[in-house]
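Q: Please take a close look at one strand of this model and its surroundings. I should like a connected account of its burial and pairing, followed by some other parts of the chain.

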Amino acid sequence: MVSSLALPFSPKPRENALLLQPCKAPPLPCSKRRLSLPVRASTSTPPFRIFEPLQAEESSLPSDTVLADPDFYRIGYARSMRVYGVEFREGPDGFGVYASRDVEPRRRARMIMEIPLEMMLTISQKLPWMFFPDIIPIGHPIFDIISSTNPETDWDLRLACLLLYAFDVEGNFWQLYGDFLPGADECTSLLLAQKEDLLELQDSELASKIDEQHCRGLEFWEKNWHSAAPLKIKRLAHDPERFIWALSMAQSRSIQMKIRVGALVQDAHMLVPYADMLNHSFQPNCFLHWRFKDRMLEVMINAGQRISKGDEMTINYMSGKKNNMFMERYGFSSPTNPWDVINFSGNSKIHLDSFLSVFNISGLPEEFYHNCHLTNEQDASFVDGAVIAAARTLPIWTDVDMPMVPSIERKAARELQEECYQMLSEFQTTSDQDLQLLESDPEESRTREAAIKYRLHRKLFLGKVIQALEIYQDRILF
Ligand SMILES: C[S@@+](CC[C@H](N)C(=O)[O-])C[C@H]1O[C@@H](n2cnc3c(N)ncnc32)[C@H](O)[C@@H]1O
């Protein structure tokens, strides 16, 4: 274990930083997410003005969101966390980060959040296990439990142990921050799903993977939280549900990053408060950066990015991964995931360059992008991540010396459409039925909702590929 060093200096609050000042803002509803408690909209006036945006006009901010409770900022501000030009709001996908003012594009990336290492929970990706900050005293039995994990596969078990341990350390920041983490009923992680929710995925392979993960978590708890375990271990997770919840936090909220602390460069798994409230986008406007000189994680707006007040600030959680991977780790999916895949089994193939030029897609397959400057308005709205995914996943042929023959291309496109229709017919429900289910029960569990959305998103993707192939057939006269 390595002890963390003292911060070389405390960062000064900057202009526009979150400032605690007497409240002049009108009372606004705010969200204080407490573990396992339903979200309540408080109508009381916050005792402090929490950062400039609270005074901003609410009208241009997303209407289906409520501001985070002032305490959420206060506990971080007291420990040198800073935010600039953004605020935390609770919306349809839980907490998120939103711009509180317009930002003109800049040549350099611009910082919107800084979080000191002292507030994080980190553990090295490889042996020997090192923790920053070093909160586990030598000889504590949780260290033996962490040491018993498989170094190759069990990063999430180690992080879950560390999180549970932090909740138990008197005065630790995570005792306060834990109040704002999603409870078991608010988190979408499928580790927290009932068995019948997993059936709603209509994907037996994914359901059994999640089931295996769940069993792995339970076995780990049973092995280490047995009746003869010391009290200081037992009290970290009295029941398996508590451990599984911590495991779901580790999986759905941690990041991996190379950090440099003093002379040590380390690949770490990290739980970073506040940055863990950023939602995912395949076209993110932000990224994470490790600032070595004072050991801060920075959230930066991409260089050249224009931001309008009310925009959600997002990062890319994983690049190049299909929806099933997003479901497995985070419990959400997207109908426009540009990396989704369809496994076609027939021999039909379409001509890649012709397909790309019909939809003005440029670049190499790894970096396909929609060249919207060449496109009319109607096409611009049609071409989304699903069409980019189609360009990657449709079986293709390329031969620079051979021109494509439109009639052969049309036949291939029709056969590929047939295969998509066949795949759609194999689902137990239609998209309309899924939509009805989602609308009919607003109180249903987050995991059941995520599971129904997953199969719906698959159908929407297949439908979009069918539509794209239709447009392709119409436009390949030359
Ligand atoms: C790192 S947390 C982000 C903060 C989270 N929204 C919260 O309420 O604490 C990841 C979780 O946020 C949600 N999430 C993030 N990005 C999403 C997206 N693009 N669509 C739907 N849910 C998303 C999922 O529930 C995911 O497990």
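A: The account below begins with strand β7 and then turns to a second sheet, a cavity and a helix residue.

The model is predicted. Strand β7 comprises residues 86-91, and 6 of its 6 residues are buried. This cover extends to both faces of the strand. In a regular strand the side chains alternate between the two faces of the sheet. In β7, one side carries Val86, Phe88 and Glu90, while the other carries Glu87, Arg89 and Gly91, and all of these residues are buried. The buried set thus includes Glu87, Arg89 and Glu90, which belong to the residue types counted as charged.

Strands of a sheet pair through backbone hydrogen bonds, either parallel or antiparallel. With strand β5 (residues 66-68), β7 pairs in the antiparallel sense over 2 bridges. Within this pairing, arginine 89 of β7 is the bridge partner of leucine 67. Strand β8 (residues 94-99) also runs antiparallel to β7, and 6 bridges join the two. Here glutamate 87 stands opposite tyrosine 98 of β8. The connection from β7 to β8 is a hairpin through 2 residues. Arginine 89, a bridge partner in the pairing with β5, and glutamate 87, placed opposite a residue of β8, lie on one side of β7 together with Gly91.

Elsewhere, 4 strands form an open sheet with antiparallel pairing, in the order β6-β9-β16-β15. Its edge strands are β6 (82-83) and β15 (286-291), each of which pairs on one side only. For β15, 6 bridges lead to the antiparallel strand β16 (residues 296-301). Arginine 291 stands opposite methionine 296 of β16 in this arrangement.

Residue 301, which ends β16, appears again as Ile301 in the lining of a cavity. The structure holds 2 cavities of 30 Å³ or more, and the second largest has a volume of about 30 Å³. Besides Ile301, the lining of this second largest cavity includes Val103, Glu104, Arg106, Arg108, Arg110, Asn302 and Gln305. By residue type, the lining divides into 2 nonpolar, 2 polar and 4 charged.

A contrast to the buried residues of β7 is found in helix α6 (residues 204-224), which contains serine 204. Serine 204 counts as exposed because its relative accessibility is 62%, and the cut-off for exposed is over 50%. Leucine 297 lies 93 residues from serine 204 along the chain, and the C-alpha atoms of the two are separated by 39 Å.

Technical notes. Residues numbered from 1 in each chain as written. Predicted model: local features only at pLDDT ≥ 70, side-chain atom pairs only at ≥ 80, totals over all residues. Heavy atoms only, no water. Buried < 20%, exposed > 50% of the residue type's maximum accessible area, 1.4 Å probe, protein only. Pairing = 2+ DSSP bridges. 1 Å grid on protein atoms, 1.4 Å probe; cavity = no way out; pocket = protein on both sides within 12 Å on 5 of 7 lines; lining within 4 Å. Points joined across faces, edges and corners; volume = space filled by probe spheres on them.
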